[in-house]
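Here are my notes on this one, point by point. Have the model open while you read.

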Amino acid sequence: MGEPCVSCTTFNILAPIYKRLDQQNQSVRESDFRAFWLARNERIVDWLLYERSSIICLQEFWVGNEELVHMYEERLGAAGYDTFQLARTNNRGDGLLTAIHKEYFRVLNHRELLFNDFGDRVAQLLHVQSVVPFSKNQNDSAEQEIIIVNTHLLFPHNSSLSIVRLHQVYQILQYLETYQRENKLSQTPVILCGDWNGSKRGHVYKFLRSQEFVSSYDIAHEYTDSDADAHKWVSHRNHRGNICGVDFIWLHNPNKSRKPLKLSWAEAAFGIIKYQLQKASLAENDVFSFLRADNNGNYITYSAFCDALRQVNLTGLSHGLSFQETKDLWVQADIDGNGVLDYEEFKKIWDSTWSEHMDEDCSLEDSKESIAEEAIGFAVKNAVLFPREVEKGIWPENYSLSDHARLTAVFSPVRLQCSRQSL
């Protein structure tokens, strides 16, 4: 196909209100020194305009400073971009900026998603249409529509906050699923960008993979989901000095059917429950005894299950599982529906095989007849991180643009055979 490629850049640009200038005095921030933050952000824009990606997704954009906001809007606007910004809730000071180049896409819709949760996090959804038609098949071309999401998940200050980050992704995917259904966009590719504040070994990564999203950087470099490939690259050095890969551009093509979202969520939530129990140094048999509590029978009751989750900080807190979510997980785990979990049901959860019995009933395609048709998707042509040292798992000491690397992926349109339900 001869269509132009689509490029996408995601970059956490480190808001000046968070950039520490003195390790001995943590209260000294770059935001207090105009010359410093302005020069650094001018250099960031220089690089963005040099790359000239079709789509730019920025996190930790200092929405609270009018001068900085004006500088970005003026320079990106002059270069042909439409810009959309969204502040985090509760006046945190930073937020998101998404820029779409008008030569490549026109923006059909823009939605703001406020999580209103413990982390005051937000997400942007942009529904865009290509300016240049893509070839749908040999005899037909169309202005291709794409959905783009930009977000920045909560930093996991402790392991109990993992459930918050997972819930943020769950909300994004729920919103995305509803938007696609209401606007009849099931055949539309989706690109998720941002700082996910979790590595390839984390629960969020596994959750998105279970929904058939792929990491563009890992596809481009032929890395797998194995532990051996988990640390081949990094994209962030946090305030503790740890380096890890947390910035992703996820792609979902329309030919990839997803398992029911609620099922993926339950699997991921059970994964966090298992992790928290293991963190408490409990082996499999000990966990069963812990969950049984004082019950004399060889089973787990719902009240004991709830009490155990409370003890490992997954419920009972403002950011924990809600009553309904806990109840839903229990219903999923109680396979025979008798109101208690026996050891076999518990073991299925522990071994992550509990959902296998649901495959026949919960497939994405129901019994309606499916018809095949062609759609446009994307192949990952290339993906690069800057500075380039991070591609080898090394953080260069002389890099000062941000505490995150810039990730850019290039996609080429491809024709796909998709299955679509008849109405």
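1. Where does Pro387 sit? Its place is the loop between β17 (370-386) and β18 (406-421). Have a look at the peptide bond leading into Pro387 from Phe386, since that bond is cis, with omega near 5 degrees.

2. A word on confidence. This is a predicted model, and the chain averages a pLDDT of 88, with 91% of the residues scoring at least 70. The stretch to watch is residues 357-369, where pLDDT stays under 50. The model does have 18 contacts for that stretch beyond four places in sequence, but where pLDDT is low, the predicted coordinates should not be read in detail.

3. Now the loop between β1 (6-12) and α1 (34-51), which holds Phe33, as well as Arg29 and Asp32. Arg29 is the odd one: it is buried yet has no salt bridge. The nearest side chain of opposite charge belongs to Asp32, and that is 7.4 Å away, whereas a salt bridge needs the nitrogen and the carboxyl oxygen within 4 Å. Leaving aside neighbours within four places in sequence, Arg29 is in contact with Pro16, Ile17, Tyr18, Lys19, Arg20 and Leu21.

4. Asp32 itself is exposed, with a relative accessible area of 54%. Asp32 and Ile17 are 15 residues apart in sequence, and their C-alpha atoms are 8.1 Å apart in space. As for Phe33, it counts as partly exposed at 37% relative accessibility. Phe33 joins Leu21 and Phe36 in a nonpolar patch on the surface, and together they have about 280 Å² of accessible area.

5. Two backbone spots to check. Asn91 is not a glycine, but it has a positive phi of about 50 degrees. Asn91 is in the loop between β3 (81-87) and β4 (95-101), and it is exposed, with a relative accessible area of 78%. Lys184, also a residue other than glycine, has a positive phi near 50 degrees. You'll find Lys184 in the loop between α3 (162-182) and β10 (190-195), where it counts as exposed at 66% relative accessibility.

6. On to the charges: the structure holds 19 salt bridges. One of them joins the side chains of Arg92 and Asp120, at 2.8 Å from N to O. Arg92 lies in the loop between β3 and β4, and Asp120 in the loop between β5 (105-114) and β6 (122-130), so this pair ties together parts that are 28 residues apart in sequence. How covered are the two partners? Arg92 is partly exposed, with a relative accessible area of 36%, while Asp120 counts as buried at 6%.

7. Arg209 forms a salt bridge with Asp225, and their closest N and O atoms are 2.9 Å apart. This pair links distant parts of the chain, 16 residues apart: Arg209 is in helix α4 (residues 203-210), and Asp225 is in the loop between α5 (216-220) and β12 (236-237). Arg209 is partly exposed, at 26% relative accessible area, and Asp225 counts as partly exposed at 40%.

8. For a pair within one helix, try Asp307 and Arg310 in α8 (residues 302-311): they are three residues apart, so about one helical turn separates them. Their salt bridge has its closest N and O atoms 3.1 Å apart. Asp307 is partly exposed at 32% relative accessibility, and Arg310 is partly exposed at 44%.

9. One last item is a network of salt bridges that links Glu42, Asp46 and Arg75.

Terms used:
Residues numbered from 1 in each chain as written. Predicted model: local features only at pLDDT ≥ 70, side-chain atom pairs only at ≥ 80, totals over all residues. Heavy atoms only, no water. Patch = residues over 30% accessible without salt bridge, like charges linked within 9 Å, V, L, I, M, F, W, Y side chains within 5 Å. Areas by Shrake-Rupley, 256 points an atom, 1.4 Å probe, with all protein chains shown as cover. Helix = DSSP H or I, 4+ residues; strand = E, 2+ residues; numbered from the N terminus. Buried < 20%, exposed > 50% of the residue type's maximum accessible area, 1.4 Å probe, protein only. pLDDT = per-residue confidence, 0-100. Contact = heavy atoms within 4.5 Å. Lys, Arg positive; Asp, Glu negative; His and termini not counted.
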